[in-house]
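Visitor: Got a minute to walk me through this one? I'd like the overall picture, then a few residues.

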Amino acid sequence: YSFGCIEQITSTAFPLLYLENMVKLTTEEQDYFEEKIKASILKIRTFQKENGGFGYWPNSQNIDSWSTSYAGHFLIEAQNKGVVNSQGIIAKWTNYQQRKAQKWTDDGLRSQLMQAYRLYTLSLAGKPAISALNHLREKSKLSTDAKWRLAAAYKLAGKNNIAQKLVENLSTQIDPYIENYFTYGSEDRKSTRLN
């Protein structure tokens, strides 16, 4: 269903970044898909609020935490692939994510997974929030998927020993769940791997 929310726009464009790794594309096809990605980025910009976060809908006044991390994740990957220079939008997003990461308070497993993803995207952007990473790592009841994301964030931050220790003997099985709101996923969405 195409409702035009940020999650769907991002999900449509994200895999296009890696299409050339899976199939041989002609120059015309490469240009076509690059234009699709650029058009998606232009749409995503309309979801960004003044403070740098993203709403779920273009005119929404509320920031959606998961979608903010997801859209930022896509923008970083698109920039790393050289598709488009999104420095302005990414700079605002990074500042927002850093503020949220530092002010985060634990209100359960869903919140922990959102914080782990936020921290992963900051590390991916080259702006790891080490104190926030350490704060989340201190939680005694982190879910498996949050631990994997947290470990990936540490790995990207160059803290390989901490990353390895976090996943030592950690299961790769995620407990079944379906989340239509907040994180928009299920156990089929596997956590980011360390290698």
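What follows is a chat about the fold, some helix packing and a handful of residues.

Visitor: Before anything else, what kind of model is this?
Guide: It's a predicted model.

Visitor: OK. How many helices and strands are in the protein?
Guide: You get nine helices and two strands. Going along the sequence, the order reads α-α-α-α-α-α-α-α-α-β-β.

Visitor: And what share of the residues is buried?
Guide: Of the 195 residues, 45% are buried. The accessible surface of the protein is about 10,900 Å², and 48% of that belongs to carbon and sulfur atoms.

Visitor: What about contacts, what percentage join residues at least 24 apart?
Guide: If you take contacts between residues at least 6 apart in sequence, 62% of them join residues at least 24 apart.

Visitor: Let's do helix packing. At what angle do α1 and α3 pack?
Guide: About 160°, and their axes are 9 Å apart. Angles over 145 degrees count as roughly antiparallel, so that's what α1 and α3 are to each other.

Visitor: Left-handed or right-handed crossing for α1 and α3?
Guide: The crossing of α1 and α3 is left-handed. On the α1 side the contact uses I6, I9, T10 and A13, and on the α3 side I37, S40, K43 and I44.

Visitor: Now α1 with α4: roughly parallel or roughly antiparallel?
Guide: Roughly parallel. The α1 and α4 axes cross at roughly 25° and come within 10 Å. That crossing is left-handed. From α1, the residues making the contact are I6, E7, T10, S11 and A13, and from α4 they're S67, Y70, A71 and F74.

Visitor: Back to α3 for a bit. I41 is in there, right where I'm looking. Buried or exposed?
Guide: I41 is buried, since its relative accessibility is 2%, and the cut-off for buried is under 20%.

Visitor: What does I41 touch, not counting residues up to four places away in sequence?
Guide: F74, L75, A78, V84 and S86. One of those, F74, is also among the α4 residues in contact with α1. As for A13, the C-alpha atoms of I41 and A13 are separated by 8.4 Å, with their positions 28 residues apart along the chain.

Visitor: A13 keeps coming up. How far is the K36 C-alpha from the A13 one?
Guide: They're separated by 7.1 Å, and the two residues are 23 apart along the chain. K36 is in helix α3 too. With 41% relative accessibility, K36 counts as partly exposed.

Visitor: And past the end of α3, where does T46 lie?
Guide: T46 is in the loop between α3 (27-45) and α4 (65-80). Its side chain reaches back to the backbone oxygen of K43 at 2.5 Å. K43 is one of the α3 residues in the contact with α1.

Visitor: How far apart are the C-alpha atoms of T46 and I6?
Guide: They're 9.5 Å apart, for residues separated by 40 along the chain. I6 belongs to the α1 side of the contact with α3.

Visitor: Changing topic: polar side chains. What does the S111 side chain make a polar contact with?
Guide: The side chain of W104, at 2.7 Å. S111 sits in helix α6, which covers residues 109-124. At 9% relative accessibility, S111 counts as buried. Leaving out neighbours within four places in sequence, S111 is in contact with W104, T105 and D106.

Visitor: Let me try D145. Which side chain is joined to it by a polar contact?
Guide: That's the side chain of S143, at 2.6 Å. D145 is in helix α8, residues 144-156. Its relative accessible area is 10%, so D145 is buried.

Visitor: Last one, the backbone. What's the phi of N169?
Guide: About 60°, so positive, although N169 isn't a glycine. Most residues other than glycine have a negative phi.

Visitor: Where is N169, and is the residue buried or exposed?
Guide: N169 is in the loop between α9 (160-167) and β1 (178-179). At 78% relative accessibility, N169 counts as exposed.

Notes: Residues numbered from 1 in each chain as written. Predicted model: local features only at pLDDT ≥ 70, side-chain atom pairs only at ≥ 80, totals over all residues. Heavy atoms only, no water. Helix = DSSP H or I, 4+ residues; strand = E, 2+ residues; numbered from the N terminus. Buried < 20%, exposed > 50% of the residue type's maximum accessible area, 1.4 Å probe, protein only. Contact = heavy atoms within 4.5 Å. Areas by Shrake-Rupley, 256 points an atom, 1.4 Å probe, with all protein chains shown as cover. Polar contact = N/O pair within 3.5 Å; in protein donor to acceptor, adjacent residues only side chain to side chain. Axes fitted to C-alpha atoms, helices over the stretch in contact; angles between N-to-C directions. Parallel < 35°, antiparallel > 145°, perpendicular 65-115°, else oblique. Left-handed = near helix turned anticlockwise from the far one by under 90°.
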